[in-house]
Amino acid sequence: MVPALKSEIRKLLTVRSTYVITGLAVLLAIGVNFYIAAFKTTDPVASDALQKGVVMGTLNGVSIFVAIISLLLVTHEYRYNTIYYSLTSARSRTQVMLAKVLVFTLYAVKFTVLISLVSVAAMLIGLKVGDHHLTAQHIDWWGMTWRSLYYVWGLAAFAAMIGFLVRNQVGAIVAYFIGINTVEGLLTMVLKEKAAYLPFTSLGNVLTSYNPTTATSIGKAALISGTWLIVGWLIAWVLFVRRDAN
Amino acid sequence: MIEAQGLTKKYKKKLAVDDLSFKVETGKVTGFLGPNGAGKSTTMRLMLGLDGGAGKTLFDGKPLYGHVHPAQVAGILLEAKAFHPTRTARNHLRVLADAGGIPISRVDEVLEIVGLKDVAGKGPGKFSLGMSQRLGIAAAILGEPKYLILDEPANGLDPEGIAWLRQFIKDYADKGNAVFVSSHLLSEMAQMADDVVVIGRGKLIAETSIKDLVAGSAHGGVYVRSTNEVKLREVLKQSQVKIAKFAEGYKVSGKTTDEVGQMLFAAKLPVLELSRQEASLEEAFLELTADSEEYKAGGKA
């Protein structure tokens with residue numbers, strides 16, 4: 001298991017796309033938070049601005065980049081046929097899959113911490129530039145931490161799962177974006193409040209509920225999205241173990 | 001030893017590999033031959049557990065997955081361009097070294113062996129097919145495995161590269177390892193392989209040594225030339241041996257040089273030339289697989 005994990009970490013860190021996509025996410029987080037804090041803030045600053053607006057709001061916007069990296073971690077193997085090296089180096093296919101899960105989990109955690117820190121820093125600098133003062137902030141540390149981590153990890157997990165199921169890079173990216181935007185968007189119109197049971201809507205509800213129609217309690221939203229992930233990953237695992245390598 | 005036992009693979013209704021069993025011995029190069037679409041690549045994938053199907057392949061009595069570090073047991077090259085195009089050649093091998101539990105220091109050693117040290121820091125996306133093959137060979141030998149399984153490793157190599165590969169494979173086997181290699185270059189195979197496994201339409205046609213394969217070919221025989229060609233033909237025909245006109249004499253099948261020599265001596269026929277004619281591997285291969293070719297050219301251009 002350890003060799004497979006080391007190899008997956010090196011895979012993630014030795015491709016340009018990891019740095020380009022992460023860099024883009026960081027730049028966006030910095031730029032947007034600085035701009036809003038410096039030029040769009042009206043005093044007094046809301047007491048939940050830091051938690052809800054800066055940390056969770058930014059993560060809601062840029063976590064799609066984690067999903068892309070997670071998806072590429074899987075689909076690059078099929079696109080470039082390196083999957084046969086991965087499978088013949090490990091003692092079981094489950095090890096290979098687990099190693100990938102651990103790696104995108106580690107990356108999702110680092111990404112969450114990095115984006116949160118740079119977003120807060122950009123906001124503070126922006127406030128200073130705009131000559132605003134940060135009022136006392138109410139921060140639910142535990143809630144903010146687990147919800148942020150769960151949301152970012154959840155997006156990465158959905159993306160990797162689609163990668164394992166589809167195995168074709170372009171197909172997986174298309175499936176992922178169509179899944180989020182088109183399919184769930186249309187289903188939300190049909191299902192109305194029942195749309196809270198859809199995978200991406202429920203995951204979004206864990207972090208922040210902008211749509212009052214589909215809002216549920218955070219715990220319930222985590223349970224629904226978690227169920228989708230468990231079922232989806234079980235199917236992906238069975239297929240990964242049983243199907244031909246590529 | 002590698003033992004493939006009852007390998008079978010079915011794609012919908014088509015049987016791609018049909019109950020295939022053979023052995024690959026250590027200390028030898030075993031060539032894997034078959035016409036296009038015979039199931040060579042599928043067989044290799046089955047051996048490595050990449051594709052699902054019936055049968056099993058044992059490496060020293062255990063399936064590849066049964067070994068602690070499979071990459072240190074079997075080194076594989078199934079496709080030349082199996083790498084991320086922008087990950088450097090060195091990093092590509094480091095990724096594989098990590099996965100195989102192989103020390104990272106080995107990476108530079110294999111890059112030196114295959115002659116890619118100067119381009120180790122470059123992305124292999126722009127490598128020629130020959131350079132890609134070399135990188136694939138570097139990946140295969142990374143774990144100093146006892147077994148090498150190579151699918152068409154000479155594709156894209158220049159003559160110098162082919163000569164290098166031939167010698168490398170022979171040397172690797174001479175160290176007590178086993179090399180199982182498929183190739184369409186029959187002349188190359190004839191020069192480097194000790195044994196051959198020949199398949200057609202997924203079935204085993206022959207499992208033998210190159211020497212026996214060639215010796216058993218109908219294309220081989222005894223070439224004989226005499227001062228009197230007409231009489232020579234009569235004598236040979238009377239002896240009821242299979243003959244064919246060849247150059248200025250005849251090729252006699254199914255007889256040794258001793259037998260033909262004695263026959264002509266008894267007929268008091270002067271002999272100018274009497275020699276054993278070996279069939280080429282290509283002739284022997286084509287003869288064996290004549291009924292097994294799935295994709296044949298239609299006719300003359």
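Start in chain B. Select B:Gly31 and then B:Val181 in strand 7, its bridge partner. Strands, like helices, are DSSP runs numbered from the N terminus (strands are E, at least two residues; helices are H or I, at least four). This is a predicted model, where local features need pLDDT of at least 70, side-chain atom pairs count only at pLDDT 80 or more, and totals for chains, interfaces and linings use all residues. Residues are numbered from 1 along each chain as its sequence is written, while chains are lettered from A and ligands numbered from 1 in the order in which they are written.

**The six-stranded sheet of chain B**

Widen the selection to residues 29-33 and 178-182 of chain B. These are strand 3 and strand 7, which run parallel and are joined by four bridges. Two strands count as paired if DSSP finds at least two bridges between them.

Now show the whole sheet. It is open, has six strands in the order 5-6-7-3-8-9, and its pairing is mixed. Look to the edges for strand 5 (74-77) and strand 9 (203-209) of chain B; each has a single partner strand, so one side of each is left without a neighbour in the sheet. From one strand to the next, the twist averages 15 degrees.

Next, select residues 40-47 of chain B. This is helix 1, which packs on the sheet and touches strand 3, strand 6 (147-151), strand 7 and strand 8 (195-200) of chain B. Residues count as in contact if their C-beta atoms, placed from the backbone, lie within 7 Å. The direction of helix 1 makes about 150 degrees with that of strand 6 of chain B. Such angles run from 0 to 180 degrees between N-to-C directions, with axes fitted as lines to C-alpha atoms, for helices over the stretch in contact.

Move to residues 129-141 of chain B. Helix 4 packs on the sheet here, touching strand 5 and strand 6 of chain B. Its direction makes about 165 degrees with that of strand 5 of chain B.

**A helix pair in chain B**

Keep helix 4 and add residues 105-114 of chain B, which form helix 3. The axes of the two helices come within 9 Å and cross at roughly 135 degrees. That makes helix 3 of chain B oblique to helix 4 of chain B. (Angles under 35 degrees count as roughly parallel, over 145 as roughly antiparallel, 65 to 115 as roughly perpendicular and the rest as oblique.)

Which residues make the contact? From helix 3 of chain B, pick B:Val110, B:Leu111, B:Ile113 and B:Val114; from helix 4 of chain B, pick B:Arg134, B:Ile137, B:Ala138 and B:Ile141. By class, this contact has seven nonpolar, no polar and one charged residues. Here Ala, Val, Leu, Ile, Met, Phe, Trp, Tyr, Cys and Pro count as nonpolar, Asp, Glu, Lys and Arg as charged, and the others, Gly among them, as polar.

**The four-stranded sheet**

Go on to the open sheet with the order 11-12-10-13 in chain B; its four strands pair antiparallel. Strand 11 (242-246) and strand 13 (271-277) of chain B stand at the edges with a single partner strand each, so one side of each lacks a neighbour in the sheet. Direction ignored, neighbouring strands are turned by 25 degrees against each other on average.

Select strand 10 (residues 221-226) of chain B, which pairs with strand 13 of chain B over six bridges. One pair to label is B:Tyr223 with its bridge partner B:Ser275 in strand 13 of chain B. Then add helix 8 (residues 229-238) of chain B, which packs on the sheet and touches strand 10, strand 11 and strand 12 (249-253) of chain B. Helix 9 (residues 257-266) of chain B also packs on the sheet, touching strand 10, strand 12 and strand 13 of chain B.

**The hairpin**

Select residues 2-11 and 14-24 of chain B. Strand 1 and strand 2 pair in the antiparallel sense over seven bridges. They form a hairpin with two residues between them, and B:Lys12 in the turn has a positive phi of about 50 degrees.

**Across to chain A**

Now colour chain A. Its secondary structure comes to ten helices and zero strands. Where does chain A meet chain B? Contact involves 25 residues of chain A and 26 residues of chain B. Helix 1 (2-13) and helix 5 (83-89) of chain A are the elements that give two or more residues to this side of chain A.

Finish on helix 2 (residues 16-39) and helix 3 (residues 49-62) of chain A, whose axes come within 10 Å and cross at roughly 135 degrees.

Key
Contact = placed C-beta atoms within 7 Å.
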